[in-house]
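The exercises below are meant to be worked through with the sequence and the coordinates side by side. Please attempt each task before reading the solution that follows it.

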Amino acid sequence: MHRHRDLCERAVDPLEIAAGLEAHGVTDRTAARFLHRDVFSLAEEMYARVPRDAETPAGAPPLTTPRARADWLLLTLLPGAVCAAAVTALHLTHGQSRLIAAAVGALAVALALRAALARGPLAATERTNPTATRTSWLIAYALLGDGLLRAAATGGPDTLPTGTADGPWPFTTAPVLALALSCAPAAWCAHLLAVRARRKLSASRGLHEFATSVKPLLLGTFALHLGALTALLTLTTTALDEPAAYPQTLTLGALLLLARLLTTHGFTHAPALVLTATASAEATAVATLFAARLPGCAWLATPVQALIDTWGPAAIPTIACGAGALTLLLHATRTLTRASAHATQDQPW
C-alpha cells in the first residue's frame with residue numbers, strides 16, 4: 001500500500017490499480033503471498049483501503065478512446081502515393097536517369113514513411129526508432145534481394161541493377177508498392193485495436209477477463225491486415241505485370257505490423273531483437289553465396305543453394321520473415337492482451 005499509494009489514490013476503479021500493478025511486474029503468484037487469488041482481487045482490497053473524499057464519484061468514468069484525425073489519415077496515405085509516383089518514374093525513365101529516379105524515389109518514400117509513423121496509431125511513444133535500420137534493410141531486400149540471390153547463385157551479378165524487372169539484377173517493385181500502400185490499412189487496424197481494447201478495458205472486471213476478450217480482437221486485427229495486404233499485392237502485381245510474390249511479401253508485412261504494434265505499446269526490445277535476427281539471416285544467406293567462391297569454401301553455400309534449388313530464392317525471406325512474424329505473434333498474444341498495455345495509452349491522435 002505504501003509503495004503504490006499514489007496509484008491507489010488517483011485510481012478511479014480497481015481495474016486501473018490492477019493494470020498499474022501488472023505494469024510493475026506484480027503477478028498472481030505475488031498476489032497469492034497476500035492471500036489473494038489474483039492481481040485483480042488484490043487491487044480490489046487496495047482500492048477499498050485507500051481513503052477518499054466524499055465527493056469522489058462511486059462509478060468509474062469510461063476510459064477515453066483515441067479518435068481518428070484528418071492529419072494522420074492523410075499521412076498514412078502519403079507513403080503509398082509517393083511510392084506509386086516513384087514506381088511510375090522508374091517505368092518512364094531509362095539508363096542513368098532511371099537510377100537517379102530510383103535513388104530520389106527511395107529517399108522520398110523513406111521520408112514519407114517517417115512522417116506517417118510520427119503521428120497516429122502507428123506512432124511510437126519514444127522519439128527514437130531503434131528498428132529503422134533493420135526495417136530499411138528488409139524493405140530493400142524485398143526490392144532487390146530475390147534478384148541478387150538468383151544472380152549470385154548462378155555466378156553473377158556481372159553488372160549493377162538497371163532498375164528493370166527483366167534485367168540481370170531485377171527490381172521487384174510490386175511487393176514494395178503493396179507494402180507502402182498497406183501503411184493506411186495498418187494504421188486503421190492499429191486504431192481499431194486501440195479503440196476496441198479501451199472499450200473492453202472499461203467493461204472488464206478482471207485482468208483474465210480482459211485478456212480473454214482482447215486476444216480474439218488482436219488476432220482478428222492481424223488477419224484483417226493480412227487480407228488487405230493480399231488484396232493490395234494482387235492489385236500491384238496485376239498493374240505492374242510482375243510475378244506474384246505472396247509468401248515473402250505477406251510474411252514481411254506481418255512481421256512489420258507486429259513489430260510496430262509492439263513498439264507503439266512500449267514493447268521495443270522484442271521487435272528490435274527479432275528484426276535484427278531476420279535481417280541478419282537474409283544478409284547471411286547472400287553473403288554465404290559470395291563467400292563460397294573463395295578457394296575451399298564451396299561448402300558454405302550448400303544450405304542456401306539447396307533451398308534455392310528446391311523452393312526458389314523466395315524461400316530465404318519467407319522462412320526468415322515467417323519465423324520472425326510467428327515469434328512476434330506469440331509475444332504479442334502475451335503482452336498486448338495485458339490491461340497495462342492499453343490503460344497507459346494516451347497518444348494525441
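The chain has 15 helices and zero strands, where helices (H or I, at least four residues) and strands (E, at least two) are DSSP runs numbered from the N terminus. This is a predicted model, in which local features need pLDDT of at least 70 and side-chain atom pairs count only at pLDDT 80 or more, while totals for chains, interfaces and linings use all residues. Residues are numbered from 1 along each chain as its sequence is written, and side-chain values use heavy atoms, with hydrogens and water left out.

**Exercise 1. Describe the chain as a whole: what share of its residues counts as buried, and what share of the contacts with a separation of 6 or more joins residues 24 or more positions apart?**

Solution. Begin with accessibility, for which buried means under 20% relative accessible area, exposed over 50%, and partly exposed in between (1.4 Å probe, protein chains only). By this criterion 46% of the 349 residues of the chain count as buried. Next take the contacts, a contact being heavy atoms within 4.5 Å. Among those with a separation of 6 or more, 77% are between residues 24 or more positions apart.

**Exercise 2. Determine how helix H5 packs against H6 and against H8, and which residues form each contact.**

Solution. The axes are lines fitted to C-alpha atoms, for helices over the stretch in contact, and angles run from 0 to 180 degrees between N-to-C directions. For H5 and helix H6 (residues 95-116), the angle is about 175° and the axes are 8 Å apart. H5 and H6 are therefore roughly antiparallel to each other, given that angles under 35 degrees count as roughly parallel, over 145 as roughly antiparallel, 65 to 115 as roughly perpendicular and the rest as oblique. On the H5 side the contact includes Leu75, Leu78, Val82 and Ala86, and on the H6 side it includes Arg98, Ala101, Gly105 and Val109. By class, this contact of H5 with H6 has 16 nonpolar, two polar and one charged residues, where Ala, Val, Leu, Ile, Met, Phe, Trp, Tyr, Cys and Pro count as nonpolar, Asp, Glu, Lys and Arg as charged, and the others, Gly among them, as polar.

Turning to the second partner, helix H5 (residues 70-92) and helix H8 (residues 173-181) pack at an angle of about 160°, with axes 7 Å apart. That makes H5 roughly antiparallel to H8. The residues that meet are Pro79, Gly80, Cys83, Ala84, Val87, Leu90 and His91 in H5 and Thr173, Val176, Leu177, Ala180 and Leu181 in H8. The contact of H5 with H8 comprises nine nonpolar, three polar and no charged residues. Cys83, which is in the H5 contact with H6 and also in the H5 contact with H8, counts as buried at 5% relative accessibility.

**Exercise 3. Work out the arrangement of H12 and H14, and state how many disulfides the whole structure holds.**

Solution. Helix H12 (residues 269-291) and helix H14 (residues 315-335) pack at about 170°, their axes lying 9 Å apart. H12 and H14 are therefore roughly antiparallel to each other. The contact includes Val274, Thr278 and Glu282 from H12, together with Ile316, Cys321 and His331 from H14. Its residues divide into ten nonpolar, four polar and one charged. Cys321, at 1% relative accessibility, counts as buried. A disulfide being a pair of cysteine sulfur atoms within 2.5 Å, a search of the whole structure finds zero of them.

**Exercise 4. Is Asp146 buried or exposed, and is Asp241 buried or exposed?**

Solution. Asp146 is found in helix H7, and at 13% relative accessibility Asp146 counts as buried. Leaving aside neighbours within four places in sequence, Asp146 is in contact with Tyr141, Gln248, Pro313, Ala314 and Pro317. Asp241 instead lies in the loop between H10 and helix H11 (246-264), and at 71% relative accessibility Asp241 counts as exposed. Its backbone has a positive phi of about 55°, although Asp241 is not a glycine. Most residues other than glycine have a negative phi.

**Exercise 5. Where does Leu122 lie, and which residues does Leu122 touch?**

Solution. Leu122 is placed in the loop between H6 and helix H7 (132-153), and at 5% relative accessibility Leu122 counts as buried. Not counting residues up to four places away in sequence, Leu122 touches Leu117, Cys183, Ala186, Ala187, Ala190, Arg260 and Thr264. The C-alpha atoms of Leu122 and Ala184 are separated by 9.9 Å, with their positions 62 residues apart along the chain.
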